[in-house]
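Please open the model in your viewer and keep the selection panel at hand, since the tour moves from one selection to the next.

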Amino acid sequence: MSSEKKPKFTINTIIFRNSKTAFSDDFDPTIPGIELVGSFRIASQGYLIKTAQTLDESGGSKDLHIIQYNTTYAFRYQTPEQNQSGNGGIDSKFLVEITAEIISEYLLNEFIEPPNEYLNIWGGRNVLLHTWPYWREFVQSSLQKMGLPGMTMPILPPSFVAPLPAPQAAGTK
C-alpha cells in the first residue's frame, strides 16, 4: 500500500454556466482592414462550499463535500484607440466581446474543510489551470465562427504572470 497522501480535491466537473458573444452595433465584421487589438482577463472568481448526499457501497447514505468555483472570463477586440483606456480595454467601448462563466466542482477527499486561505490559493492557481484550456478554446472557436481573425492566447492564464485578486467565499450550503 502506498504511503502517498491523496490530494485534498478531486476534480468532479467543469461546465460552462453561461457564455456570450457580441458585436457592437456599429461594427461590421465584413469590412476588411480594421485593426483589431485583443485583450482578455479573468473578470471575477468566487467559490461556494456545499454538501450533497449519495449512496455508499453498502447502500447507506454518505455526505459529499463539494467546492464549486465560478470563474468569469472576458475577451474583447477593440480598435487601438479604444484600447488606450488604461485598463487593458476591458471596461471601455469594444467591437467584439466574448464572455463565459465556467463552473468547476471539486470533491473534498477529507472531511475537514480547508481554510479560506487555502481555498483562495487553490482558486487562483489550480482552478485557473483546469478551466483556462476550456476558455482558450472557446475564444478561438468563437472568433472563427464570427468570421474574425484568430487570437493566439497564452497557454497559461495571465495570472501566472500578474497577480490575481483573491476569490471571495459566497457562503456555505
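In this predicted model, a residue is called buried under 20% relative accessible area, exposed over 50%, and partly exposed in between. Lys20, with a relative accessible area of 42%, is therefore partly exposed.

Select strand E4, residues 96–108, which is mostly covered, as twelve of its 13 residues are buried. Adding strand E1 (residues 9–23) shows an antiparallel pairing with E4 over 13 bridges, in which Phe23 stands opposite Val96. Strand E3 (residues 61–78) also pairs with E4 in the antiparallel sense, over twelve bridges, and here Thr72 has Glu101 as its bridge partner.

Next, display the side chains of Glu101 and Arg17, which form a salt bridge with the closest N and O atoms 3.3 Å apart. This pair links strand E4 to strand E1 across 84 residues of the chain. Glu101 counts as buried at 10% relative accessibility, whereas Arg17 counts as exposed at 53%.

Move on to Glu97 and Lys20, whose salt bridge has its closest N and O atoms 3.2 Å apart. Because Glu97 lies in strand E4 and Lys20 in strand E1, the pair ties together parts that are 77 residues apart in sequence.

Then select Asp26 and Lys93, whose side chains meet in a salt bridge at 3.2 Å, N to O. Asp26 sits in the loop between E1 and strand E2 (37–55), and Lys93 in the loop between E3 and E4. To finish with the charged groups, add Arg76 to Lys20 and Glu97, since salt bridges that share partners join these three residues into one network.

Technical notes
Residues numbered from 1 in each chain as written. Predicted model: local features only at pLDDT ≥ 70, side-chain atom pairs only at ≥ 80, totals over all residues. Heavy atoms only, no water. Buried < 20%, exposed > 50% of the residue type's maximum accessible area, 1.4 Å probe, protein only. Helix = DSSP H or I, 4+ residues; strand = E, 2+ residues; numbered from the N terminus. Pairing = 2+ DSSP bridges. Salt bridge = Lys/Arg side-chain N within 4 Å of Asp/Glu carboxyl O.
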